[in-house]
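Reader: I have a model open and a list of labels to check. Can we go through them and see what backs each one?

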Amino acid sequence: MSDEPAGAVYRIEDLAHHSGATVRTIRAYQDRGLLPRPERRGRANVYADAHLARLRQIADLLDRGYTLASIKELLEAWDTGRGLGGILGLVAEVDGPWTDERAVRISRAELDERFGGRPDDAAVADAVELGVLERMPGSEDSFLVPSPQELSVAVELYAAGVPLSAISGHLRELRVKVEHIASRFLEFTTEHVFARYLGEHPPTDAEAAEAASLVRRLRPLAQQTVDAELARAMRLFATRQLREHFGPEQPTEQREETCPVELPATTTRAVERLVGTEQVAAFVSAAAERELQARTLDRLATNHAASSMIDETP
């Protein structure tokens, strides 16, 4: 960006008025190297349209969540001709919604009604702290619900008899685990996919556009993987719990002790393919019992045949 004023010229107060920034902020940007110094004309400093455009760029980047340090790097890239279009497209892709859900508004009265009609200030404060609810500015009785689906889950759990404090505690515990999964997925994709775009200098427009396309393609994969694995795990543990609580019970005194048996890995894998991992022990036990019964029957039949031959001897 050139320091040479062109077109309209502004005093610092005029520049502040047109840009929405304060005089103090403009001077701070100059000190940080984000905004070029004004031109000195006689005893006055004058700014140009280019300064106004730069202030608007900075405001836009701040709104997108950039720090002043990263804004300085981006603007330096812009000044050296590398451009911001691709980078801002990548940022928009990452910062954009990662779900199809749309936030909705809900009144305190509606909220109380969905949770049994009993006002619970502690539960509401807990939900605000967790981000399940967001207070609307200037209103004590109106909230924004970023994820209606998450709120609906809480409503159903409460209707099923789960206390609100237990629901909040469960969400806190779940969030830690989910954030760990998200972190690992990002580390994994960064190492194997995005590392080539991360260097000492911002990526070119073409590289940033390519990275944005990859983000768009890979973004749903984490949720799809978690959905599939969660379904598998829920079925596994739900079936196991059901069997433990409602399966046929043997009297304690009739239960037999168990002891470990080493089987060849190939045999174990073959049985797993046949009956599933959870049924390997039961299958091996049933097969062994059937073999013992078959041998018992063979022995009884052989003894009977031998006895008949002796009786028939003259």
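The exchange below takes the overall make-up, then salt bridges, then helix packing, then one residue.

Author: Start with the status of the model: it is predicted. The protein has 12 helices and six strands. Buried residues make up 24% of its 314 residues.

Reader: What share of the contacts with a separation of 6 or more comes from residues 24 or more positions apart?

Author: Such pairs account for 58% of those contacts.

Reader: Now salt bridges. How many are found in the whole structure?

Author: The search finds 10 salt bridges.

Reader: What makes Arg108 and Asp112 a salt bridge?

Author: The closest N and O atoms of Arg108 and Asp112 are 2.9 Å apart. The cut-off is 4 Å, so the pair qualifies. Both residues lie in helix H6, residues 108-114. They are four residues apart, about one turn of the helix.

Reader: Are Arg108 and Asp112 buried or exposed?

Author: Arg108 is buried, and Asp112 is buried too.

Reader: What makes Lys177 and Glu173 a salt bridge?

Author: Their closest N and O atoms are 3.5 Å apart. That is within 4 Å, so the label holds. Both residues sit in helix H9, residues 164-194, four residues apart. That spacing is about one turn of the helix.

Reader: Why is Lys177 called partly exposed?

Author: Its relative accessibility is 46%. Buried needs under 20% and exposed needs over 50%, so Lys177 falls in between. Glu173 is also at 46%, so it too counts as partly exposed.

Reader: How do you know that Glu187 and Arg184 form a salt bridge?

Author: The closest N and O atoms of Glu187 and Arg184 are 2.6 Å apart. Set that against the 4 Å cut-off, and the pair therefore counts.

Reader: Why are Glu187 and Arg184 said to be about one helical turn apart?

Author: Because they are three residues apart in helix H9. Glu187 has 42% relative accessibility and so counts as partly exposed. Arg184 has a relative accessible area of 44%, so it is partly exposed.

Reader: Which residues are joined into one network by salt bridges that share partners?

Author: Arg108, Asp112 and Asp121 are joined in that way.

Reader: On to packing. What describes two packed helices?

Author: The angle between their axes and the distance between the axes.

Reader: Why are H1 and H2 called roughly perpendicular?

Author: The axes of helix H1, residues 12-19, and helix H2, residues 23-32, cross at roughly 100 degrees. The range for roughly perpendicular is 65 to 115 degrees, so H1 and H2 fit the label. Their axes come within 9 Å.

Reader: Which residues meet there?

Author: Ile12, Glu13, Leu15, Ala16 and Ser19 in H1 meet Val23, Ile26 and Arg27 in H2. The residues of this contact divide into five nonpolar, one polar and two charged.

Reader: Why are H8 and H9 called oblique?

Author: Helix H8, residues 148-159, packs on H9 at an angle of about 135 degrees. Roughly perpendicular ends at 115 and roughly antiparallel begins over 145, so H8 and H9 are oblique. Their axes are 10 Å apart. The crossing is right-handed.

Reader: Which residues make the contact of H8 with H9?

Author: H8 contributes Glu150, Ala154, Leu157 and Tyr158. H9 contributes Leu164, Ile167, Leu171 and Arg175. The split is six nonpolar, no polar and two charged.

Reader: What makes H7 roughly parallel to H9?

Author: Helix H7, residues 121-130, and H9 pack at an angle of about 10 degrees. Angles under 35 degrees count as roughly parallel, so H7 and H9 earn the term. The axes of H7 and H9 are 10 Å apart. Their crossing is left-handed.

Reader: Which residues make the contact of H7 with H9?

Author: From H7 come Ala123, Asp126, Glu129 and Leu130. From H9 come Leu164, Ser168, Leu171, Arg172 and Arg175. They divide into four nonpolar, one polar and four charged.

Reader: One last residue. Why is Gln30 called buried?

Author: Gln30 has a relative accessible area of 9%. The limit for buried is under 20%, so Gln30 meets it. Gln30 is found in helix H2. Not counting residues up to four places away in sequence, Gln30 touches Leu35, Pro36, Arg37, Pro38 and Tyr47.

Note on methods
Residues numbered from 1 in each chain as written. Predicted model: local features only at pLDDT ≥ 70, side-chain atom pairs only at ≥ 80, totals over all residues. Heavy atoms only, no water. Salt bridge = Lys/Arg side-chain N within 4 Å of Asp/Glu carboxyl O. Helix = DSSP H or I, 4+ residues; strand = E, 2+ residues; numbered from the N terminus. Buried < 20%, exposed > 50% of the residue type's maximum accessible area, 1.4 Å probe, protein only. Axes fitted to C-alpha atoms, helices over the stretch in contact; angles between N-to-C directions. Contact = heavy atoms within 4.5 Å. Nonpolar A, V, L, I, M, F, W, Y, C, P; charged D, E, K, R; others polar. Left-handed = near helix turned anticlockwise from the far one by under 90°.
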